[in-house]
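User: I am new to this structure and would like to be led through it step by step. Could you take my questions in turn?

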Amino acid sequence: MSVAGLKKQFYKASQLVSEKVGGAEGTKLDDDFKEMEKKVDVTSKAVTEVLARTIEYLQPNPASRAKLTMLNTVSKIRGQVKSPGYPQPEGLLGECMIRHGKELGGESNFGDALLDAGESMKRLAEVKDSLDIEVKQNFIDPLQSLCEKDLKEIQHHLKKLEGRRLDFDYKKKRQGRIPDEELRQALDKFEESKEVAETSMHNLLETDIEQVSQLSALVDAQLDYHRQAVQILDELADKLKRRMREASSRPKREYKPKPRESFDLGEPEQSNGGFPCAMAPKITAASSSFRSSDKPIRTPSRTMPPLDQPSCKALYDFEPENDGELGFREGDVITLTNQIDENWYEGMLDGQSGFFPLSYVEVLVPLPQ
């Protein structure tokens with residue numbers, strides 16, 4: 001900083017100390033100016049908070065709001081933007097419904113209904129995209145411009161005015177010890193800054209009808225969005241009610257159990273290797289060629305842990321969905337190595353270690369306490 005700049009900072013600091021500590025009275029600004037300055041300050045605070053709340057209204061999800069904050073390019077390419085750049089929750093819900101509707105297939109009433117609802121949700125997401133873009137262009141962008149230009153410029157003028165007021169008051173106290181011309185120049189600069197600041201504040205407050213117009217654009221965008229949303233949801237509600245009427249008017253299909261397989265109980269004295277003979281299936285002509293010397297092909301069993309160590313038996317198949325989980329089949333015997341919590345165990349099967357839910361197994365030998 002130059003010597004002149006340092007002197008100016010020193011003069012300002014000295015004058016502030018003089019006014020606050022020494023009781024020296026500074027040059028007073030008129031009441032109209034103070035009232036105008038107060039209104040501008042209130043306007044600045046209102047615009048800042050309304051902007052933040054509007055962005056939260058458009059995207060309640062904090063993660064999506066973070067993306068929205070970074071998307072400043074939207075205002076630079078107005079008219080060319082087809083989406084705000086982040087997924088709408090309605091669209092994500094619609095994609096989920098369509099995916100599961102296709103999995104259920106066309107023979108399922110619920111599957112067809114999910115497809116209808118999914119398409120409607122995707123249409124709602126498109127309408128919400130239009131709302132976000134419309135509000136950003138015609139409400140958020142103009143208010144941000146007001147903050148970054150007009151209000152910022154006014155604050156600059158007011159700061160400059162305060163500096164010149166302090167400079168003038170400092171020189172006014174030294175009247176008689178400094179040239180009159182220097183005092184007159186300080187007064188002229190103070191009056192000039194006051195006029196510039198006053199004019200800029202007056203222009204802002206007199207043209208506040210522009211902010212009313214921007215608020216009107218926000219409400220118009222909301223109305224358009226809700227009209228389209230109601231239309232989409234009305235159409236979906238009619239489709240679902242029609243499906244329910246059609247389903248209720250169709251005759252219900254009776255459940256017909258399949259015929260049971262017949263078994264030859266055989267003679268009471270016949271033996272089946274220790275198993276009840278009632279379970280022996282009837283031998284048909286197709287199987288009469290099976291020789292007593294033939295052995296059935298068996299699937300190799302998994303390694304069975306000795307029952308003197310902590311172990312459990314699988315009641316159901318468990319397919320791992322995450323890294324670190326241990327998959328198994330019904331009937332597998334798993335060595336227990338640790339209990340993670342009241343719902344999960346850690347164990348080993350065929351040399352593989354991992355986690356699995358307690359509800360899928362029956363404990364044979366518990367872990368030591």
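The questions and answers below concern confidence, the nonpolar cores and one helix.

User: What is the mean pLDDT of the protein?
Analyst: This is a predicted model, and 75% of its residues reach a pLDDT of 70 or more. Over residues 72-80 the pLDDT is below 50, and it stays under 50 over residues 273-301 as well. For the protein, the mean pLDDT is 79.

User: Which element gives the largest share of the largest nonpolar core?
Analyst: The largest nonpolar core has 37 residues, among which Phe33, Val135 and Met201 touch the most other members. Two or more of its residues come from each of α2 (31-58), α5 (109-173), α6 (180-206) and α7 (209-249). The largest share, 16 residues, comes from α5.

User: Which residues does Val135 touch, not counting those up to four places away in sequence?
Analyst: Val135 is one of the three residues that touch the most other members of the largest core. Leaving out residues up to four places away in sequence, Val135 touches Thr54, Leu58, Ile140, Leu218 and Ala221.

User: How far apart are the end C-alpha atoms of α5?
Analyst: At 1.5 Å a residue, the 65 residues of α5 should span 96 Å. The distance in the model agrees with this expectation, because the end C-alpha atoms are 90 Å apart.

User: Where is the kink in α5 centred?
Analyst: At the N-terminal end, α5 is capped by Ser108, with a side-chain oxygen 3.3 Å from the backbone nitrogen of Phe110. The kink in α5 is about 45°, and its centre is Lys136.

Note on methods:
Residues numbered from 1 in each chain as written. Predicted model: local features only at pLDDT ≥ 70, side-chain atom pairs only at ≥ 80, totals over all residues. Heavy atoms only, no water. pLDDT = per-residue confidence, 0-100. Contact = heavy atoms within 4.5 Å. Core = buried A, V, L, I, M, F, W, Y, C linked by side-chain atoms within 4.5 Å. Buried < 20%, exposed > 50% of the residue type's maximum accessible area, 1.4 Å probe, protein only. Helix = DSSP H or I, 4+ residues; strand = E, 2+ residues; numbered from the N terminus. Expected span 1.5 Å × (residues − 1). Bend = angle between axes of the 7 residues up to and from the residue. Polar contact = N/O pair within 3.5 Å; in protein donor to acceptor, adjacent residues only side chain to side chain.
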